[in-house]
Amino acid sequence: MIAEATTALDVAGLRQEEFPWTAEATYLNSASIGPLPERTRLALEAFNRKRAAPYLLGDHEFFEVFDVSRALVARLLNASPAEIALAFNTSYGLNLAARGLPLAAGDVIVASDREFPANVYPWLRLQDRGVRLDLVPVTAEGWPDEPRLLDRMSDPAVRVVAVSLVQFSNGYQVDLARLSARASETDTFLVVDAIQGLGAVPVDVRATPVDILSCGAQKWLLGPWGSGFTYVRRDLIPRIDPVVTGWMAFEGTDDFTHLTTYHPTLRADARRFEMITLPFQDFAGMNASLELLLELGVGRIEAYLGTLHAPVRDWAARRGYPIASPVGTHGSQILCVVPPDPGDAFRRLKAAGVVASLREGAIRLSPHVFNTIDEMVKVTEILDRP
């Protein structure tokens with residue numbers, strides 16, 4: 001990871017330069033769709049102008065976009081570019097894990113109940129191979145039961161633990177370091193759906209090893225739809241059989257002058273898992289967004305977002321309304337509050353121009369770097385109105 005400055009974020013400058021629409025709207029819904037920074041919008045437009053007249057584009061420009069993407073993702077994760085496979089969404093990498101990991105009849109995958117469906121259905125479908133998915137019941141608070149997940153890893157039949165870095169419905173952040181250490185001790189594959197955390201939560205796969213991590217860029221990474229990636233631990237790459245095979249997944253296919261000289265050897269790096277053609281323009285946009293996040297520093301982003309929840313938490317405590325999100329080490333940038341009538345509260349926020357989400361019976365607030373403490377105070381004022 002790049003070194004992060006200790007200075008505070010210039011939120012006012014970000015709002016003016018990268019998110020000018022914030023003067024007109026209160027957007028607290030990055031857990032659904034992250035807005036595009038201005039630099040990203042401009043990068044998309046610049047690439048699409050060339051796409052409209054493709055004689056302006058050379059082959060080197062196409063693949064240079066992808067080279068930059070892998071390098072930026074590697075910086076974000078403290079990984080190697082050779083461990084990054086570009087993909088169009090999170091589900092691609094989770095299906096790669098489910099169908100590509102060396103699993104056999106009788107093996108068990110463990111995940112938490114109430115996981116987001118993208119991290120459930122690929123594993124459920126393995127029943128056709130005699131592989132079982134066990135969903136561990138959540139705690140009384142509705143959070144993943146991490147002690148139970150850790151305990152299940154002692155069962156030799158358990159070959160995979162699949163987790164979300166941050167839970168979509170309540171903002172619970174897993175103790176990834178603890179799960180990683182236990183997975184290493186028990187030779188269990190650790191698969192991470194990172195889409196609800198990465199960009200707002202630092203992840204260092206050297207300090208905290210995982211086997212496969214998949215992430216779409218359209219939420220906290222502030223990237224376009226259709227862009228994302230899968231990280232595969234280097235020494236695991238040759239053990240995974242690609243679910244589907246793109247024609248550029250093979251050695252020697254960079255030479256477009258001899259396309260019918262077929263090479264049977266898969267690439268040695270994570271490009272063996274990539275599908276071609278990917279949306280070049282979307283990855284050009286993703287690159288601009290990643291550059292912004294790396295400039296700001298994900299650690300600083302996390303620290304700033306941690307200051308924004310106080311007004312809503314204090315308000316809920318005064319009113320006696322439940323907060324469905326944890327605090328402390330398991331807290332994240334997502335805050336879920338449960339007023340007496342969540343549906344009515346959601347409608348009142350929407351009518352007042354506040355964009356949030358209604359998820360699993362709670363109002364989900366998901367602020368990002370462009371949000372302010374005043375906007376969170378505004379939420380409490382709206383909810384207090386009759």
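User: In this predicted model, Glu185 and Arg182 lie in helix α7; about how many helical turns separate them?
Analyst: Helix α7 covers residues 176-186, and Glu185 and Arg182 are 3 residues apart in that helix. Their side chains meet in a salt bridge, with 3.2 Å from N to O. Because the two residues are 3 apart in the helix, the separation is about one helical turn.

User: Is Glu185 buried or exposed?
Analyst: Exposed means over 50% relative accessible area. Its partner Arg182, at 24%, is partly exposed. Glu185 has a relative accessible area of 60%, so Glu185 is exposed.

User: Which residue forms a salt bridge with Asp269, and what is the distance between the closest N and O atoms?
Analyst: Asp269 has 16% relative accessibility and therefore counts as buried, the cut-off being under 20%. The partner is partly exposed, with a relative accessible area of 25%. That partner is Arg271, and the closest N and O atoms are 3.0 Å apart.

User: How many residues apart in the chain are Arg15 and Glu375?
Analyst: Arg15 and Glu375 form a salt bridge whose closest N and O atoms are 3.4 Å apart. Arg15 belongs to helix α1 (residues 11-17) and Glu375 to helix α12, so the pair links distant parts of the chain. Both residues are buried. Along the chain they are 360 residues apart.

User: How many salt bridges does the structure hold?
Analyst: The pairs Arg15 with Glu375 and Asp269 with Arg271 are among them. Shared partners also join Glu18, Arg39 and Glu295 into one network of salt bridges. The structure holds 20 salt bridges.

User: Are helices α10 and α12 roughly parallel or roughly antiparallel?
Analyst: Helix α10 (residues 310-319) packs with helix α12 (residues 373-384) at an angle of about 25°, and the axes are 8 Å apart. Angles under 35 degrees count as roughly parallel. The two helices are therefore roughly parallel.

User: How many nonpolar residues are in the contact of α10 with α12?
Analyst: Pro311, Val312, Trp315 and Arg319 make the contact from α10, and the residues from α12 include Ile373, Met376 and Asp384. By class, the contact has 2 charged residues, 1 polar residue and 8 nonpolar residues.

User: Which helix gives the most to the largest nonpolar core?
Analyst: The largest nonpolar core has 92 residues, and Leu77, Leu198, Leu213 and Phe229 have the most contacts inside it. Beyond its neighbours within four places in sequence, Leu213 is in contact with residues including Leu77, Leu198 and Phe229. The helix that gives the most to this core, with 9 residues, is α8 (residues 280-296).

Key:
Residues numbered from 1 in each chain as written. Predicted model: local features only at pLDDT ≥ 70, side-chain atom pairs only at ≥ 80, totals over all residues. Heavy atoms only, no water. Axes fitted to C-alpha atoms, helices over the stretch in contact; angles between N-to-C directions. Helix = DSSP H or I, 4+ residues; strand = E, 2+ residues; numbered from the N terminus. Parallel < 35°, antiparallel > 145°, perpendicular 65-115°, else oblique. Contact = heavy atoms within 4.5 Å. Nonpolar A, V, L, I, M, F, W, Y, C, P; charged D, E, K, R; others polar. Core = buried A, V, L, I, M, F, W, Y, C linked by side-chain atoms within 4.5 Å. Buried < 20%, exposed > 50% of the residue type's maximum accessible area, 1.4 Å probe, protein only. Salt bridge = Lys/Arg side-chain N within 4 Å of Asp/Glu carboxyl O.
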